[in-house]
Amino acid sequence: MRDDMFKVIVERPRWGSNHAASPKLRLGPHPDCQQIGLKRHVRIGAPYDKSLNENLGPLRRYLRRQRGRVWNDVFRDICAHLDTGHTVKMHVREHIEDIVITRVSIGRGGEWMFKGEVLSAHRSWWRWRTLFVDPRDGILKDIAVLDALLAAGVGVRT
């Protein structure tokens, strides 16, 4: 993993930063505005607001290249570069859960579970996730493998 991965992911121009009107550019007080503060331009009728824009592509590509490796080794490499003492680095670590399903477990009846719910072929619960950690061997695998396993009846309650 790159040493500057947190900079690559987080440092990107904010959406709306080039066309959101600044309240400081107003010549005088607006007659309808009785608010002073950071969001004043929203209250005086600015059509745009600034929002965050994170570039998660490098993190997705890094994790995709790690398919076939043991998840504990991959996460150890990530933790070596993204420590919890830095707010931005911790924020990047939180996005790992948006890409990888890490907490798949095997229930008492042999069914595969995620966040307390039995997995099924219905994909609404893993929406944008493209990888998962196989609970049988702990290896990072593509979500298509999970689809195939669930369709074949592996991990389904019997």
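**Salt bridges, helix α7 and a sheet**

User: What is the relative accessible area of Asp73?
Analyst: Asp73 counts as partly exposed, the class between buried (under 20% relative accessible area) and exposed (over 50%; 1.4 Å probe, protein chains only). The model is predicted: local features need pLDDT of at least 70 and side-chain atom pairs 80 or more, while totals for chains, interfaces and linings use all residues. Residues are numbered from 1 along each chain as its sequence is written, and side-chain values use heavy atoms, without hydrogens or water. For Asp73 the area is 27%.

User: Which residue meets the side chain of Asp73 in a salt bridge?
Analyst: A salt bridge needs a Lys or Arg side-chain nitrogen within 4 Å of an Asp or Glu carboxyl oxygen; here the N to O distance is 3.0 Å. Both residues lie in helix α4 (a DSSP run of H or I, at least four residues; strands are E, at least two; both numbered from the N terminus), 3 residues apart, about one turn of the helix. At 52% relative accessibility the partner is exposed, and the partner is Arg76.

User: How many residues apart in sequence are the parts that the pair Arg67 and Asp142 ties together?
Analyst: The side chains of Arg67 and Asp142 meet in a salt bridge at 3.8 Å, N to O. Arg67 is in the loop between α3 (57–65) and α4 (71–81), whereas Asp142 is in strand β6, so the parts tied together are 75 residues apart.

User: How far apart are the closest N and O atoms of Asp77 and Arg69?
Analyst: Asp77 is partly exposed, with a relative accessible area of 29%. Arg69 is also partly exposed, at 29%. The two form a salt bridge, and their closest N and O atoms are separated by 3.1 Å.

User: Within what arc do the buried residues of α7 fall?
Analyst: The buried residues of α7 (143–152) are Ile143, Leu146, Leu149 and Leu150. Seen down the helix axis, they line one face, because their arc (of directions from the axis to the C-beta atoms) spans no more than 115 degrees.

User: Which exposed residues does the face of α7 turned away from its buried side carry?
Analyst: The buried residues pack (heavy atoms within 4.5 Å) against β1 (100–101), β3 (112–114), β5 (131–133) and β6 (140–142). The face turned away from that buried side carries Ala151 and Ala152.

User: Which are the edge strands of the open sheet of 3 strands?
Analyst: The order is β2-β3-β4, with antiparallel pairing (at least two DSSP bridges between strands). Each edge strand pairs on one side only, and these are β2 (104–106) and β4 (117–118).
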